[in-house]
Amino acid sequence: MFISEIFYSIQGEGELTGIPSVFVRTSGCNLRCTWCDTKYASWTPEGEELSQDEIVARILAYPAGHVVLTGGEPMIAKGIHELAAALKAAGRHLTIETAATVSPEGIACDLASLSPKLRNSTPGLEAGAWRERHDRTRLQPEVIRQWIESYPYQLKFVVTSGEDLDEIESLLRQTGGRVPESKVLLMPEGTDRNGIRGRDDSLIDICKWHGYRYCNRLQIDLFGNRRGT
Ligand code: SF4
């Protein structure tokens, strides 16, 4: 499996914020978000080929009960189902962070952290053919429905302005079932404190009036935008 990095930190986003976790970042993604903060695992994927046994051994070397499979897009990584099963068998709590464009197909998972990509993620013309491919792939309501019907979940949206709200609410309707507001997390776009704080006021207002959850990026506050954190 092509792995960008394996590191031990605390979860900085979502319902499990603050929990010590081992992060396994697979390299490679089927999207090209313009504001991607891990381009070394998407636009220009870097990493090393590791066997499942090597990955599991590195994870189990840390004293953590929680493991996060992230990316890139972990669901396109070859062998991801087998790796997830092995980690479950080892007694680890497993979060899968995915853009929810690939069906789960029974993968072992304790928390599906779904982050569908809104229009604000679409790259410019410099992305070439990826621009159209990204836009065609980024929202898959039927796939999102499969995830939320099968696992505990959170729906996490990267928001750049209040104009994103219409697209979020349209998507929630398309997923079919009723998604409780408390499961919808709105996270300000940004890779530094100032950028994030600049979006906070309008986002907090949206949360207050619609019942959605504000989602911080604790890792930016604590460590800045650095790899391995
Ligand atoms: S889905 Fe995630 S990893 Fe892939 S390009 Fe978008 S932000 Fe980056």
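Glu-13 is buried, with a relative accessible area of 11%. The model examined here is predicted. Glu-13 belongs to the loop between E1 and E2. Its contacts beyond four places in sequence are Gln-154, Lys-156, Met-187, Cys-215, Asn-216, Arg-217 and Gln-219. One of these partners, Asn-216, stands 203 residues away along the chain. Even so, the C-alpha atoms of Glu-13 and Asn-216 are separated by 6.0 Å.

Leu-185 was examined next. This residue is part of strand E8, which spans residues 184-188. Its relative accessibility is 2%, so Leu-185 counts as buried. Contacts outside its sequence neighbourhood of four places include Gly-14 and Glu-15. They also include Gln-154, Leu-155, Lys-156 and Phe-157. Arg-213 and Cys-215 complete the set. Leu-185 and Glu-15 lie 170 residues apart along the chain, with 9.1 Å between their C-alpha atoms. Gln-154, Lys-156 and Cys-215 touch Leu-185 and also touch Glu-13.

The largest pocket encloses about 780 Å³ of space. It is lined by 41 residues, and those closest to its centre are Arg-25, Asp-37, Thr-38, Thr-70 and Gly-71. Several secondary-structure elements each supply at least two lining residues. They are strands E1 (2-10), E2 (20-26), E5 (93-98) and E7 (153-159), together with helix H7 (218-223). E1 gives the most, with three residues. By class, the lining holds 14 nonpolar, 15 polar and 12 charged residues.

The ligand sits in this largest pocket. Around the ligand are Cys-29, Leu-31, Arg-32, Cys-33, Trp-35, Cys-36, Thr-38, Ser-42, Gly-72 and Lys-117. This shell divides into five nonpolar, three polar and two charged residues. Thr-38 appears both in the shell around the ligand and among the residues closest to the pocket centre.

Gly-72, from the ligand shell, also takes part in an unusual piece of backbone geometry: the peptide bond from Gly-71 to Gly-72 is cis, with omega near 15 degrees. Gly-72 is placed in the loop between strand E4 (66-70) and helix H2 (80-89). The other residue of this bond, Gly-71, is among those closest to the centre of the largest pocket.

Backbone angles were also considered in the loop between E5 and strand E6 (111-114), where Ala-100 is found. Ala-100 has a positive phi of about 60 degrees, although it is not a glycine. With 0% relative accessibility, Ala-100 counts as buried. Glu-105 lies in the loop between E5 and E6 as well. It too is not a glycine, yet its phi is positive, at about 45 degrees. Glu-105 counts as exposed because its relative accessibility is 66%, whereas Ala-100 is buried.

Val-143 makes contact with this loop residue Ala-100. Val-143 is found in helix H4, residues 141-150. Its relative accessibility of 9% means that Val-143 counts as buried. Beyond residues up to four places away in sequence, Val-143 touches Ala-100, Thr-101, Val-102 and Ser-103. Val-143 and Gly-72 are 71 residues apart in sequence. In space, 18 Å lies between their C-alpha atoms.

Two further helices were sampled. Glu-167 is found in helix H5, which covers residues 164-174. At 8% relative accessibility, Glu-167 falls under the 20% cut-off and so counts as buried. Its contacts, leaving aside neighbours within four places in sequence, are Leu-118, Arg-119, Arg-138 and Leu-139.

Ile-204 is found in helix H6, residues 193-210. Its relative accessibility is 35%, so Ile-204 counts as partly exposed. Ile-204 and Leu-83 are 121 residues apart in sequence, and 38 Å separates their C-alpha atoms.

Conventions. Residues numbered from 1 in each chain as written. Predicted model: local features only at pLDDT ≥ 70, side-chain atom pairs only at ≥ 80, totals over all residues. Heavy atoms only, no water. 1 Å grid on protein atoms, 1.4 Å probe; cavity = no way out; pocket = protein on both sides within 12 Å on 5 of 7 lines; lining within 4 Å. Points joined across faces, edges and corners; volume = space filled by probe spheres on them. Helix = DSSP H or I, 4+ residues; strand = E, 2+ residues; numbered from the N terminus. Nonpolar A, V, L, I, M, F, W, Y, C, P; charged D, E, K, R; others polar. Near = heavy atom within 4 Å. Sits in = over half its atoms within 2 Å of the grid points. Buried < 20%, exposed > 50% of the residue type's maximum accessible area, 1.4 Å probe, protein only. Contact = heavy atoms within 4.5 Å.
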